[in-house]
Amino acid sequence: MTDFDDLRAIVTGGASGIGLATADLLASRGARVAVLDLNPDVPAPLHGVRCDVSDDDSVTAAVASAVSSLGGLDVLVNNAGIGAQGDVTANSSDEWHRVLDVNVVGMARVTSAALPALRDSLVASVVNTCSIAATQGLPNRVLYSASKGAVLSFTLAMATDHLDDGIRVNCVCPGTADTPWVGRLLAAAADPAAERAALAARQPMGRLVTAAEVAQAIAYLASPLSSSTTGTALPVDGGMYGLRPRPKA
Ligand code: NAD
């Protein structure tokens with residue numbers, strides 16, 4: 001027996017990077033896992049369901065389909081997200097709305113659709129993928145940081161609202177993680193090797209976080225064994241949140 005045996009989980013954005021590592025880990029620990037993604041092409045035993053978290057009808061249908069296939073729901077991992085670069089002038093109003101719609105409203109939509117099923121679970125838990133950008137001022141990430149600041153705040157508010165429902169709500173705050181997303185960013189840089197080295201050097205451990213490490217933190221928060229933990233933000237960032245080592249000479 002493991003802590004996720006017989007539990008039912010949804011992971012949004014679970015077809016790539018942190019979401020895929022999380023879906024695989026939960027499945028390996030005994031959960032039945034539905035992946036809700038724009039591209040739901042995932043290997044068995046994961047169950048792919050096409051979903052655009054920025055579309056109300058798509059979310060309603062996908063959550064209903066997943067809950068029906070899984071036979072209920074115990075764990076929701078709100079992980080789907082997109083990036084945005086630049087200072088406050090860099091993105092049009094339409095782009096602000098698009099990113100906030102996916103990164104913030106998307107998590108609210110999916111959680112709202114999943115709530116009735118979560119209320120029926122005896123071990124219900126929601127984990128949101130936030131970011132180090134919610135708490136630290138990173139260069140040229142104004143819009144993305146605003147979206148993740150919102151995720152941090154609504155994690156706390158939702159955790160409070162659902163105390164009496166027995167639904168725990170927490171978030172993880174990864175530093176820069178080695179995922180296809182960051183791979184795409186590096187590929188677009190003028191000097192990808194130098195950009196990668198700069199991102200690694202920014203984290204006190206001197207390397208990027210792995211998707212598997214973030215998945216372990218998500219599983220810790222989602223596990224019924226963590227039953228007193230709610231309203232927390234867990235950094236997985238190579239020390240970036242709390243440490244200030246002297247720069248290497
Ligand atoms: P990724 O691009 O590898 O995976 C994201 C997944 O989300 C993809 O499968 C994509 O299809 C899906 N997705 C995107 N828009 C969607 C939509 N509208 N509806 C449904 N699915 C959608 O990215 P990743 O690096 O694994 O990032 C996952 C999460 O982790 C994001 O919320 C991101 O903000 C957060 N995060 C990433 C890093 C990092 O450095 N990679 C750091 C901190 C936080």
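A pocket here is an open set of grid points, found over the protein atoms alone, with protein on both sides within 12 Å along at least five of seven lines. Welcome to this predicted model! The ligand sits in the largest pocket, and the protein covers 92% of the 830 Å² of accessible area that this ligand has on its own. Domain 1 (8-174 + 209-230) and domain 2 (178-208) both contribute residues to the shell around the ligand, so the ligand lies between them.

**Who surrounds the ligand**

- The shell around the ligand holds 28 residues, and S16, D37, Y144, A177 and T179 come nearest.
- By type, the shell residues divide into 14 nonpolar, ten polar and four charged.

**Which elements take part**

- Three elements give two or more residues to the shell around the ligand: α1 (17-28), α4 (142-161) and α5 (180-188).
- Of the elements, α5 gives the most to this shell, with four residues.

**Polar contacts with the ligand**

- The backbone of N79 takes part, with one of its N or O atoms 2.8 Å from an oxygen atom of the ligand.
- From R184, a side-chain N or O atom lies 2.9 Å from an oxygen atom of the ligand.
- The side chain of K148 also has an N or O atom placed 3.0 Å from a ligand oxygen atom.
- For these pairs, the cut-off for a polar contact is 3.5 Å between N or O atoms.

**Backbone details to look for**

- A44 and P45 are joined by a cis peptide bond, and its omega is about 10°.
- To find P45, look in the loop between β2 (32-37) and β3 (47-50).
- D6 is not a glycine, yet its phi is positive, at about 70°.
- You will find D6 in the segment before β1 (8-12).

**To take away**

- If you start with the ligand, look in the largest pocket, between domain 1 and domain 2.
- If you start with the backbone, two places to visit are the cis bond between A44 and P45 and the positive phi of D6.

Definitions and conventions
Residues are numbered from 1 along each chain as its sequence is written. This is a predicted model: local features need pLDDT of at least 70, side-chain atom pairs count only at pLDDT 80 or more; totals for chains, interfaces and linings use all residues. Side-chain values use heavy atoms; hydrogens and water are left out. A residue is near a molecule or strand if one of its heavy atoms lies within 4 Å of it. A polar contact is a pair of N or O atoms within 3.5 Å; within protein, one must be able to donate a hydrogen and the other to accept it, and residues adjacent in sequence count only if both atoms are side-chain atoms. Accessible areas come from the Shrake-Rupley method with a 1.4 Å probe; for residues, only the protein chains shown count as cover. On a 1 Å grid over the protein atoms alone, a cavity is a set of points where a 1.4 Å probe fits but cannot get out, and a pocket is an open set with protein on both sides within 12 Å along at least five of seven lines; lining residues have an atom within 4 Å of a point. A molecule sits in a cavity or pocket if more than half of its atoms lie within 2 Å of its grid points. Ala, Val, Leu, Ile, Met, Phe, Trp, Tyr, Cys and Pro count as nonpolar, Asp, Glu, Lys and Arg as charged, and the others, Gly among them, as polar. Domain bounds come from an automatic or database domain assignment.
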